[in-house]
Amino acid sequence: MPKIPLAAPMRESLVSLGFDSADAGPKLGFGAASLGNLYRPMADATALATLRSAFESGTRYFDTAPHYGLGLSESRLGTWLASGVPREEIVISSKVGRVLDPNPHYTGQLDDEGFAVPATTRRRWDPSEAGIRASIESSLTRMGTDHLDIAFLHDPDAYDLEAGISQALPVLESLRAEGLIKAIGVGTNSARSAAVCVRRSDIDLVMLAGRFTLLEQPAAGELLPLCLERSVGVVNVGVYNSGLLASARVPGDANYNYAPAPGHILERARALARTAEEFGTDLPTAAIHFAARHPAIVSVLLGASSPEQVRVNAQRAAAPVNDSLWDALAERGLLDASPGDPEPGA
């Protein structure tokens with residue numbers, strides 16, 4: 001397997017947030033989309049217990065967004081913070097770009113973007129300075145905190161990438177210069193779009209979903225080397241590929257990119273699982289460890305919908321993995337090392 005290059009010096013903005021720590025800290029982050037009732041309702045008590053379990057397991061980085069449950073994820077994070085959590089010990093990121101407005105057409109229906117919440121508000125793309133400042137103020141109110149550590153521009157390529165780069169990112173740069181935010185970035189599931197943002201702006205972080213995983217590595221060709229060159233950290237999310245890599249045995253009804261996995265993808269995942277087992281580990285444990293291997297990656301975010309899931313994630317992250325596994329996967333053609341491969345769905 002090709003040798004991964006050494007990391008470039010880390011930006012001071014990321015050092016100040018603890019991303020250079022050898023401890024768990026921000027390295028293993030908690031992705032709070034599930035707290036917004038992603039796909040199914042979650043009881044308030046379960047949400048609180050899940051956050052407590054993450055903190056007790058050593059997690060100190062928590063990511064949320066207005067998009068997650070139309071603000072419910074942020075509100076639940078705020079309830080947890082108000083329970084006595086030492087704010088100075090944790091890093092919180094949220095996102096801008098989608099502003100929540102009252103829904104004048106609400107008649108009792110649920111949100112139509114995957115969250116089991118009443119659609120009392122609706123999302124509106126707004127990359128303007130007024131929109132971004134208003135979004136951050138609303139997030140701070142929902143979370144009951146006086147500051148946000150990291151702000152990501154959320155999925156600009158799903159709306160207008162050019163407007164995101166020319167309008168939104170300069171606003172975030174200004175907020176960072178004012179000291180209102182410690183670090184800024186872009187969150188996307190497109191390695192190509194992320195690379196454009198890195199080249200054309202002065203961001204600290206990229207949050208990349210599902211594009212550097214044990215299953216596929218389209219970010220390895222251009223984005224990750226570019227991030228190393230520019231000292232831009234990568235927060236790796238979606239490392240289970242919509243749950244495909246989340247179980248030791250890959251079920252026939254597994255999803256991939258939020259849809260039923262095609263046969264060739266299922267077979268590839270099962271070959272990965274068999275190889276992982278040969279080397280004394282299981283598929284999800286190997287997926288977590290691989291997701292953190294590249295030196296551009298400063299954190300891996302994992303979601304959870306229960307305290308037990310949090311504990312299992314932490315155990316997998318702490319478990320030893322034989323480095324010979326990666327060589328075996330490469331030799332068997334199960335690691336895609338070729339740069340420029342098309343991204344799924346592109």
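Is Asn241 buried or exposed? I began with this residue, keeping in mind that the model is predicted, and I found that Asn241 counts as buried, at 2% relative accessibility.

**Entry 1: two asparagines with positive phi**

I placed Asn241 in the loop between strand E9 (233-237) and E10, and I noted that its phi is positive, about 50 degrees, although Asn241 is not a glycine. I then looked up Asn257, where phi is near 55 degrees, again a positive value in a residue other than glycine. Asn257 lies in the loop between E10 and strand E11 (259-260). For burial I wrote down that Asn257 counts as partly exposed because its relative accessibility is 26%, and the range for that class runs from 20% to 50%.

**Entry 2: the barrel**

I traced the strands next and found that eight of them close into a barrel, in the order E1-E2-E3-E6-E7-E8-E9-E12, with parallel pairing. From one strand to the next, the twist averages 25 degrees.

I followed strand E7 to both of its partners. On one side, strand E6 (residues 148-154) pairs with E7 in the parallel sense over six bridges, and I noted that Leu153 stands opposite Val186 in E7. On the other, four bridges join E7 (residues 181-188) to strand E8 (residues 205-209), and these two strands also run parallel. Here I recorded Leu205 in E8 as the bridge partner of Gly185. I also checked how well E7 is covered, and seven of its eight residues turned out to be buried.

**Entry 3: the nonpolar cores**

Which residues have the most contacts inside the largest nonpolar core? I listed Leu172, Leu214, Leu223 and Leu244, in a core that has 86 residues. Helix H8 gives the most to this core, with seven residues. I noted as well that a second, separate core of 14 residues includes Leu17, Ala183, Val237 and Val298. As background I wrote that, in soluble globular proteins, nonpolar side chains tend to be buried together.

I took Leu223 as an example and, leaving aside its neighbours within four places in sequence, I found it in contact with Ala191, Ala194, Ala195, Val198, Val206 and Leu208.

**Entry 4: helix H8**

I checked the length of H8 (residues 263-278) against what its residue count predicts: at 1.5 Å a residue, its 16 residues should span 22 Å, and since the end C-alpha atoms are 23 Å apart, the two values agree. I then went through its burial and listed Ile265, Leu266, Ala269, Ala271, Leu272, Ala273, Thr275 and Ala276 as buried. What covers these buried residues includes strand E10 (255-256), helix H9 (283-291) and helix H11 (324-331).

Of these, I looked further at H11, which packs against H8 at an angle of about 140 degrees, with the two axes 10 Å apart. The contact is made by Leu272, Thr275 and Ala276 on the H8 side and by Leu325, Ala328 and Leu329 on the H11 side. I recorded the crossing of H8 past H11 as right-handed. Just after H8, I came to Gly280, which takes a positive phi of about 80 degrees.

**Entry 5: two charged residues**

Where does Glu74 sit, and what does it touch? I found Glu74 in helix H3 (residues 72-81), and I entered it as buried because its relative accessible area is 0%. Not counting residues up to four places away in sequence, Glu74 touches Thr64, Ala65, Pro66, Ser94, Ser139, Arg142 and Met143. I also looked up its separation from Gln315, which is 241 residues apart from Glu74 along the chain, and the C-alpha atoms are separated by 26 Å.

Arg123 was my last residue, and its place is in strand E5 (residues 121-125). I entered Arg123 as buried because its relative accessibility is 15%, and the class takes values under 20%. With neighbours within four places in sequence left aside, I listed His67, Leu70, Arg98, Val99, Leu100, Asp111, Glu113 and Phe115 as the residues in contact with Arg123. Pro102 is 21 residues apart from Arg123 along the chain, and I noted that their C-alpha atoms are separated by 9.0 Å.

Terms used:
Residues numbered from 1 in each chain as written. Predicted model: local features only at pLDDT ≥ 70, side-chain atom pairs only at ≥ 80, totals over all residues. Heavy atoms only, no water. Expected span 1.5 Å × (residues − 1). Buried < 20%, exposed > 50% of the residue type's maximum accessible area, 1.4 Å probe, protein only. Contact = heavy atoms within 4.5 Å. Core = buried A, V, L, I, M, F, W, Y, C linked by side-chain atoms within 4.5 Å. Pairing = 2+ DSSP bridges. Axes fitted to C-alpha atoms, helices over the stretch in contact; angles between N-to-C directions. Left-handed = near helix turned anticlockwise from the far one by under 90°.
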